[in-house]
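Thanks for asking me to look this one over. My notes are below, in numbered points that you can check against the viewer as you go.

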Amino acid sequence: MDCCGSPFDCLIFDLDDTLYSSKLGIAEALRKNIDDFLVEKCGFAENKASTLRVELFKTYGSSLAGLRALGYDIDADDYHSFVHGRLPYDLIKPDGQLRNLLCSIPQRKIIFTNSDRVHAIKVLKRLGLEDCFDQIICFETMNPNLSKSMRPDEFPVLLKPSMDAMKIALQAANVDPRRTLFLDDNARNVAAGKAMGLQTVLVGKPMKSKEADYVLENVNKLAQAIPEIWVIGEDNASTAPSINRIRSELDSILATTPVGA
């Protein structure tokens, strides 16, 4: 590891409930859509759909993964089109403050989401951040062979927090985990990232988990919480004053940009 400058070469961001607030209602709408899929497409009883969704998530990481593991021949594109296609994307507004923050980060920035690419691009466009990231690692990245399967359980669906999914993502990102900052709202995903050697940030939670190196109530507070991201080419003797100066400069920039601008 370099003895000077920022400790990070790359920042990897989760998407949903990380780049926008979990209070918007997107997650609730998604859960309702999954319940509807279980009823309308798979024939489960309406009064059992929510319980089944929770059990599939706990056991397999997602409803899609669980259904395919149990032998249901569910096409991933059809599933994503159903559960994401009905989402109230209009609830997601442009975030000018977050855009300024991301644009000020000199390192590579990558999205890492369990969602499909179509959904990821829609969300980024709604936030006004579609040109702020160097790469999107998504469902298709982790599951490139799914469409070639001859039976539903031939290729298990890989998603965070699976170690196999994490390995694929880090290989796709081509990063040194020790110099990569990973931000996610899910404690299990953060724990998986920590196990892979990433430096970790738990977003949107009031208390830090043991696997999180940092905790952020809101991703927009990144500059205040981890100002060393912006320390580039400084030697150790000047790091502290540089961090203070950077924090002051970023606070000034962000204060002049209203959220949702």
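The points go from the overall picture to single residues.

1. **Overall picture.** Please keep in mind that this is a predicted model. Its secondary structure comes to eleven helices and six strands. Of the 261 residues in the protein, 47% are buried. If we take the contacts between residues at least 6 apart in sequence, 64% of them join residues at least 24 apart. The exposed surface of the protein is about 12700 Å², and carbon and sulfur atoms supply 52% of that area.

2. **Helix 1 against helix 2.** Helix 1, residues 26-40, packs with helix 2 at an angle of about 105 degrees, and their axes are 9 Å apart. Helix 1 is therefore roughly perpendicular to helix 2, because angles of 65 to 115 degrees count as such. Helix 1 brings Arg31, Ile34, Asp35, Leu38 and Val39 to the contact, while helix 2 brings Ala49, Ser50, Leu52, Arg53 and Leu56. By type, the residues of this contact divide into six nonpolar, one polar and three charged.

3. **Serine 62.** Go on along the chain and you find serine 62 in the loop between helix 2 (49-60) and helix 3 (63-69). Is serine 62 buried or exposed? Its relative accessibility is 13%, so serine 62 counts as buried, the cut-off being under 20%. The side chain of serine 62 reaches the backbone nitrogen of leucine 64 at 3.4 Å. Leaving aside residues up to four places away in sequence, serine 62 touches Leu56, Phe57 and Leu159. Leu56 also belongs to the contact of helix 1 with helix 2.

4. **Histidine 80.** This residue sits in helix 4, which covers residues 76-85. Histidine 80 has a relative accessible area of 7%, and is therefore buried. Which residues does histidine 80 touch, not counting those up to four places away in sequence? They are Leu64, Gly85, Asp116 and Phe139. Leu64 is worth a second look, as the backbone nitrogen of leucine 64 is what the side chain of serine 62 reaches. Histidine 80 and histidine 119 are 39 residues apart in sequence, and their C-alpha atoms are 8.2 Å apart in space.

5. **Helix 5.** At the start of helix 5, a side-chain oxygen of aspartate 95 comes to within 3.3 Å of the backbone nitrogen of glutamine 97. Helix 5 spans residues 96-104, and its buried residues are Gly96, Gln97, Leu98, Leu101 and Leu102. Gln97 thus appears twice here, as a buried residue and as the partner of aspartate 95.

6. **From helix 7 to helix 8.** Two residues of this loop deserve a look. Asparagine 143 lies in the loop between helix 7 and helix 8. With a relative accessible area of 8%, asparagine 143 is buried. Beyond four places in sequence, asparagine 143 touches Pro156, Val157, Leu158 and Leu159. Leu159 is touched by serine 62 too. Proline 161 is also in the loop between helix 7 (139-142) and helix 8 (163-173). The peptide bond from lysine 160 to proline 161 is cis, with omega near 10 degrees.

7. **Two positive phi values.** Most residues other than glycine have a negative phi, and most peptide bonds are trans. Aspartate 17 is not a glycine, yet has a positive phi of about 65 degrees. Aspartate 17 lies in the loop between strand 1 (10-13) and helix 1, and is buried, with a relative accessible area of 18%. Asparagine 174, also not a glycine, has a positive phi of about 55 degrees. Asparagine 174 is found in the loop between helix 8 and strand 4. Its relative accessibility is 65%, so asparagine 174 counts as exposed.

8. **Asparagine 186.** My last stop is the loop between strand 4 (180-184) and helix 9 (187-195), where asparagine 186 lies. The relative accessible area of asparagine 186 is 22%, so the residue is partly exposed. How far apart are the C-alpha atoms of asparagine 186 and valine 203? They are separated by 7.8 Å, with the two positions 17 residues apart along the chain as the offset.

Conventions:
Residues are numbered from 1 along each chain as its sequence is written. This is a predicted model: local features need pLDDT of at least 70, side-chain atom pairs count only at pLDDT 80 or more; totals for chains, interfaces and linings use all residues. Side-chain values use heavy atoms; hydrogens and water are left out. Buried means under 20% relative accessible area, exposed over 50%, partly exposed in between (1.4 Å probe, protein chains only). Helices (H or I, at least four residues) and strands (E, at least two) are DSSP runs, numbered from the N terminus. A polar contact is a pair of N or O atoms within 3.5 Å; within protein, one must be able to donate a hydrogen and the other to accept it, and residues adjacent in sequence count only if both atoms are side-chain atoms. Contact means heavy atoms within 4.5 Å. Accessible areas come from the Shrake-Rupley method with a 1.4 Å probe; for residues, only the protein chains shown count as cover. Axes are lines fitted to C-alpha atoms, for helices over the stretch in contact, and angles run from 0 to 180 degrees between N-to-C directions. Angles under 35 degrees count as roughly parallel, over 145 as roughly antiparallel, 65 to 115 as roughly perpendicular and the rest as oblique. Ala, Val, Leu, Ile, Met, Phe, Trp, Tyr, Cys and Pro count as nonpolar, Asp, Glu, Lys and Arg as charged, and the others, Gly among them, as polar.
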